[in-house]
Amino acid sequence: MAPGDQRGARLRVVVSDEHGRSLPFRLARWLAGVAPPRAHGLVNVAVVSDRRIRALNRQYRGLDCATDVLSFPERGGAPRAPQRGPRSTPDAALGDIVIARGVARRQARRAGHSEATELRVLALHGLLHLLGYDHERDHGVMARLERRLGRRGGLHTGLIERP
């Protein structure tokens with residue numbers, strides 16, 4: 001399936017702001033189009049204020065700062081190791097991805113690309129965490145997959161490989 005083509009997609013993506021209002025980005029179709037084959041179910045992506053993500057980061061990670069992206073797997077607990085085959089049924093919720101809009105804007109400027117491109121980088125990174133990948137412990141597995149899927153979707157670099 002080409003990026004942006006959500007007909008028959010295994011993954012359903014909903015993008016909104018922190019108040020649940022739909023956002024006019026093409027991010028949902030793009031993410032569903034580049035997702036790995038085993039990504040099934042519903043993913044909610046919330047683009048929120050830096051203040052909101054800072055509160056979430058403090059609450060769930062004990063870090064009192066705004067971060068760029070957080071992932072919350074639906075099944076709770078610590079992220080699991082990547083599995084073979086589908087992780088969930090097509091109708092099940094896979095989890096939530098929260099992206100800080102202000103952080104994304106600043107990172108986009110530093111990287112020399114658009115905010116929309118940065119949102120794609122962050123959403124893909126968040127999705128891979130929902131699927132159980134952990135770039136701090138997997139000896140480059142997540143970085144290689146992020147790079148491959150991102151290139152398929154027109155990205156030049158992934159979040160992990162940035163300096």
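F72 counts as partly exposed in this predicted model, because its relative accessibility is 22%, whereas buried would require under 20%. The residue also takes part in an aromatic contact. The count of aromatic pairs comes to one. In that pair the ring centres of Y60 and F72 lie 5.0 Å apart and the planes meet at 70 degrees, so the arrangement is edge-to-face. The pair links distant parts of the chain, with Y60 in helix α2, residues 50-61, and F72 in strand β3, residues 69-73; the two residues are 12 apart.

I turn now to helix α5. It comprises 12 residues, 141-152. At 1.5 Å a residue, the helix should span 16 Å, and the 17 Å between its end C-alpha atoms agrees with that expectation. Which residues of α5 are buried? They are M142, A143, L145, E146, L149 and G150. These residues cover an arc of only 165 degrees around the axis, and therefore they sit on the same side of α5. On the face turned away from that buried side, α5 carries the exposed residues R148 and R151.

What covers the buried residues of α5? The cover includes α1, residues 27-34, and α4, residues 115-130. Just after α5, G154 adopts a positive phi of about 90 degrees.

Let me close with helix α1, which contains G33. G33 has a relative accessible area of 3% and is therefore buried. Its C-alpha atom is 8.4 Å from that of L11, although G33 and L11 are 22 residues apart in sequence.

Terms used. Residues are numbered from 1 along each chain as its sequence is written. This is a predicted model: local features need pLDDT of at least 70, side-chain atom pairs count only at pLDDT 80 or more; totals for chains, interfaces and linings use all residues. Side-chain values use heavy atoms; hydrogens and water are left out. Helices (H or I, at least four residues) and strands (E, at least two) are DSSP runs, numbered from the N terminus. The expected span of a helix is 1.5 Å times one less than its number of residues. Buried means under 20% relative accessible area, exposed over 50%, partly exposed in between (1.4 Å probe, protein chains only). The arc is that of the directions from the helix axis to the C-beta atoms. Contact means heavy atoms within 4.5 Å. Rings of Phe, Tyr and Trp (its six-membered ring) pair if their centres lie within 6.5 Å; planes under 30 degrees apart count as stacked, over 60 as edge-to-face and the rest as tilted.
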